[in-house]
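Dear colleague,

Please find below the structure that I am handing over to you. My notes on it follow.

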Amino acid sequence: MKLDVNALGTFYRMAREGAGLAAGRLTHMTGVETQVGVTKLNFMRGREIQRDFEDSTAKVGVRVKLTGAIEGYSMIVFERENAFRIVETLLAESDEVEIDVDGEFDEMTRSAATEVGHIMNSGFIDGWADVLETVIDVSTPEFVQGATAEPFFGDINEAPDDDDLALLFQSRIETVGTEVGFSHYLFPKRESMSALLDRLRTSGGIEYDKLDGFDRMAERGAEEVAKTATTLTGIDTSVEIRRLNFVSLEAIPEQVADQKLVGVAFEFDGMPSGYLLFLFDEESAHEIVDAMVPMEVDEDGFGEMGTSAIKELGNIMASGFLDGWANVLDTTIDHSTPEFIHDMGAAAVDPVIIQLGENQEFAFVFDTVVVADGREFDCEVYAIPDEADLERALNNLDVDRIEETPTTAEFQEVNNS
């Protein structure tokens, strides 16, 4: 199975179109204004999907089986409390109905939740069919609930095994002014997805197992980051890449949290070339400074010493990622000195997005968590390679080298001036 940026771009537009239709139909049904929150194409392993579901929060889902241009399963998932809120809104005019959010779904509330989920699924699927100019048939909806992954996709053959990498559509719709929202998943049959990719592909494309290798390269780079950060700080540190996302460049600023962010940006050059960006919320950045600087720092934590600490960690992370890639790809990748960022939300990423937008439309984004001494730092890693470079580099990748090649990072000295 091969894929290229054009095919992934079409999938992304399908996801956005479907989310828009689903949001509009939810508004029509409930009278509550909605908006599309986040739309991503996720390359996720089975264990990562299970972790999404197994967070001790009871969930409700509505799933349908697809045939036609896309074969597989489409599933809407609400947190249980949110499902009750939607049902309560839908049945608000019925004096005979009392909704107990702590109770069980009875026949009426289950029917209402299933109807909402089916309408949402149909919105997504109609959006995909519109973009593809084709027909996708949908089965009768099935109501599922539980607090683990098993009831939702344990019996779906299309769901990936723990170590398998799967391409999933994931969208979130939010009701304006409330906390009600839900996620959407598509589990396509591999053969169906392969046929669709072949039809949409306009270039030579990348073999799917090479992209799987790219993801494993990133995991190995993260392991190197953790080892070196532990050596540098004396604090037990681990870094975990949770998933690889494919998103529109223009959507990245929309997805960045609307809060003060601290980050480090790099430009890298070689095969491939591109940009690397690490973003932390302020609280996480303060934790990093406290862990790395064993003395009093400026009150805001981002004076000369705080800035130096953030840049040094960013430099370690960049070297861990890129040197590992270069070793596996048997090439050379150099990166610039770190550029410190401290700005509000979208403004923190706009300069990089503007530069990239001159030559490409989409980006690969790594969703990462950094943990040091038991403290969790939320960190978004934007690794955005040049599209043409990435295709050439991955097509030359020997996937057997990934596990065999050492990922020894070499670090440039950070200029603190």
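Helices (H or I, at least four residues) and strands (E, at least two) are DSSP runs, numbered from the N terminus. The model is predicted: local features need pLDDT of at least 70 and side-chain atom pairs pLDDT 80 or more, whereas totals for chains, interfaces and linings use all residues. Residues are numbered from 1 along each chain as its sequence is written, and side-chain values use heavy atoms, without hydrogens and water.

The unreviewed UniProt entry annotates residues 108-144 and 305-341 as "domain: CheC-like protein"; such annotations may be inferred rather than shown by experiment, and positions follow the numbering used here, with feature names shortened. Residues 108-144 are 68% helix and 16% strand, with 15 Å between the end C-alpha atoms. For residues 305-341 the values are 68% helix, 16% strand and 15 Å.

The largest nonpolar core (buried Ala, Val, Leu, Ile, Met, Phe, Trp, Tyr and Cys residues joined through side-chain atoms within 4.5 Å; buried means under 20% relative accessible area, with a 1.4 Å probe and protein chains only) has 109 residues. Those touching the most other members are Ile 70, Trp 128, Phe 214, Ile 252, Leu 276, Phe 278 and Trp 325. Helix H10 (residues 304-329) contributes the most to this core, namely eleven residues. Beyond its neighbours within four places in sequence, Leu 276 has contacts (heavy atoms within 4.5 Å) that include Phe 266, Ala 318, Leu 322 and Tyr 382. Another core, of 15 residues, lies apart from the largest one and includes Ala 149, Phe 152, Leu 168 and Tyr 185.

With kind regards

Definitions and conventions. Buried < 20%, exposed > 50% of the residue type's maximum accessible area, 1.4 Å probe, protein only.
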